[in-house]
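Visitor: Please take me on a close look at the side-chain contacts of this model, one kind after another, and say where each partner sits and how it is enclosed.

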Amino acid sequence: MADGATTDHLQRHRPQSQAQLLCVLPKMIGGTGASLELPLGKGKETRCISSVTVSAGHADCSNDGSSALVISPSQTQTQLLCVLPKMIGAIQENSVLQNPAYLSWSFFRNHHFPTSIHPSILNLLQGFSKLKTIPQVFRNQNAFSVRDLQYYRSKFYGQDCCNKNLKKNLLFFSNKIESRPNGDLIDDIHRNWYGNYYLLEQHHGYIQWLFPIHESGVNFSAQVLQLHELAYLKSNPDCRHRALASFDMMLDFYGFCRLSDQGVLERTYNFKDRFRNLCNHTHNFLRITRILKFLGLMDMTDLQTGFVAKILEEVLLTGKLKSVASSLQNYWLPTLKDDFARAALEEIVERATLPSASKQGMFDINYEMDIKQVCHTITVEGIREICNKTN
């Protein structure tokens, strides 16, 4: 067992959430080593893991101070992760992730968890885990869109937009000039156009003004966003407020409303009509791509994530927006600037493209455990290494 000094070290430097510990367990479970006394208690209570043991028995963890986890060798790695929260759930009472088995073992191995996970992703994962069968709504990704969105997420995107004499976007977001053609001041658009679905559908000149990016569009009266303009929009509170107002107006147009600043969405009362309009007028797919790119440029990544996660929910869980599946996979999801959120949602999309999958088998395909009928332990050095990286 680890001595008192080691235990104190782990108490001071342990990961701050279940997820942070879970993301490194693959590295620590795979080999043998000295047993570890790891405090996992809430308040004054303490539970310790002395070893992880593989036998013909079942997964278990007793409450004594020298407990061991017994795992059947037939269990998959992700099934192992299902029972680990029972042991490590006491690390933090309000843990960000209650059931890690929603994602595959390779995901845990390849991606480092953030200190918190977007609630829209958690809601989606919970709904996804309840599916008895996974609808095959996604196909192979478009190679062109992959390259295009990789460039968008790179540091090179927009570096040629450096003409400081161009200021249309800056003036428009400052409510000093009208959008063209046949437009209005940005504050008047928010005030008078909100809920006017016919105007928002038929007018094709306002989107590039409300959501400027480092790319041209079909409205030649609009201007490509310049880097100095972007810096001003991001730093000016009034401009950021107007950007949020534009996003909320378009959310309502598409049948959603925002519940929080974090971007959690729900349907509006007239969502059926709005969903039907979205699916029947595919030019809105291009609009959504532009909106998501603009949000990313404005560092509003939570809004990006919340929108894409909600669309994926309506595609995969409810089936109400199946017709947007291709655009979601090829153009909307890859715009996410949050690497973890993008990877988590891409993992779900990948599951939905399998030729056949069920709730029982979808997590253990090609992820068989490396653990054999031998005793494996979590090593002290492995814990120390990851704790140092986490802190």
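Guide: A good place to begin is with a charge and a ring: the charged end of Lys337 sits over the ring of Tyr152, 4.9 Å from its centre, where a charge counts as over a ring if NZ of Lys or CZ of Arg is within 6 Å of the ring centre and within 35 degrees of the ring normal. This is a predicted model, in which local features need pLDDT of at least 70 and side-chain atom pairs count only at pLDDT 80 or more, while totals for chains, interfaces and linings use all residues. Residues are numbered from 1 along each chain as its sequence is written, and side-chain values use heavy atoms, with hydrogens and water left out. A further contact of this kind has Arg274 over the face of Tyr197, at 4.0 Å from the ring centre.

From charges over rings we can pass to rings beside rings. A pair of aromatic rings is described by the distance of the centres and the angle of the planes. Rings of Phe, Tyr and Trp (its six-membered ring) pair if their centres lie within 6.5 Å, and planes under 30 degrees apart count as stacked, those over 60 as edge-to-face and the rest as tilted. By this rule the structure has 14 aromatic pairs. One of them joins Tyr151 and Tyr157 in an edge-to-face arrangement, with 5.7 Å from centre to centre and 80° between the planes. Of these two, Tyr151 is partly exposed at 40% relative accessibility, whereas Tyr157 is buried at 7%; here buried means under 20% relative accessible area, exposed over 50% and partly exposed in between, with a 1.4 Å probe and protein chains only.

Phe285 and Trp332 also form an edge-to-face pair, at 5.8 Å centre to centre and 85° between the planes. This pair links distant parts of the chain, since Phe285 belongs to helix 15 (residues 283-297) and Trp332 to helix 17 (residues 325-332), 47 residues apart; helices (H or I, at least four residues) are DSSP runs, numbered from the N terminus. Both rings lie inside by the accessibility rule: Phe285 is buried with a relative accessible area of 12%, and Trp332 is buried with 1%. Elsewhere, ring pairs connect Phe172, Phe173, Trp209, Phe211 and Phe294 into a cluster.

Helix 15 deserves a closer look. Its 15 residues reach 22 Å from the first C-alpha to the last, close to the 21 Å expected at 1.5 Å a residue, the expected span being 1.5 Å times one less than the number of residues. Because 13 of its 15 residues are buried, helix 15 is largely enclosed by the rest of the structure. After helix 15 comes Asp299, with a positive phi near 60°.

Helix 15 also takes part in charge pairing. Side chains of opposite charge can pair when their charged atoms come close. A salt bridge here is a side-chain nitrogen of Lys or Arg within 4 Å of a carboxyl oxygen of Asp or Glu, and the structure holds 14 of them. In one, the side chains of Glu215 and Lys293 meet at 2.8 Å, N to O. The two residues are 78 apart and link distant parts of the chain, with Glu215 in the loop between helix 11 (207-210) and helix 12 (227-235) and Lys293 in helix 15. Glu215 is partly exposed at 26% relative accessibility, while Lys293 is buried at 4%.

Other salt bridges lie within a helix. Arg342 and Asp339 meet at 3.1 Å, N to O, and because they are 3 residues apart in helix 18 (residues 339-351), about one helical turn separates them. In Glu347 and Arg351 the closest N and O atoms are 3.1 Å apart, and these residues, 4 apart in helix 18, are likewise separated by about one helical turn. An α-helix has 3.6 residues a turn, so residues three or four places apart point the same way. As for enclosure, Arg342 is buried at 11%, Glu347 is buried at 9% and Arg351 is buried at 6%. Salt bridges also link Arg267, Lys310, Glu313 and Glu314 in a network.

The cysteines come last. A search of the whole structure finds 0 disulfides, a disulfide being a pair of cysteine sulfur atoms within 2.5 Å. Cys239 is buried with a relative accessible area of 1%, Cys279 is partly exposed at 21%, and Cys162 is exposed at 54%. Cys162 lies in the loop between helix 7 (143-153) and helix 8 (168-173); its C-alpha is 5.6 Å from that of Gln226, although the two residues are 64 apart in sequence.
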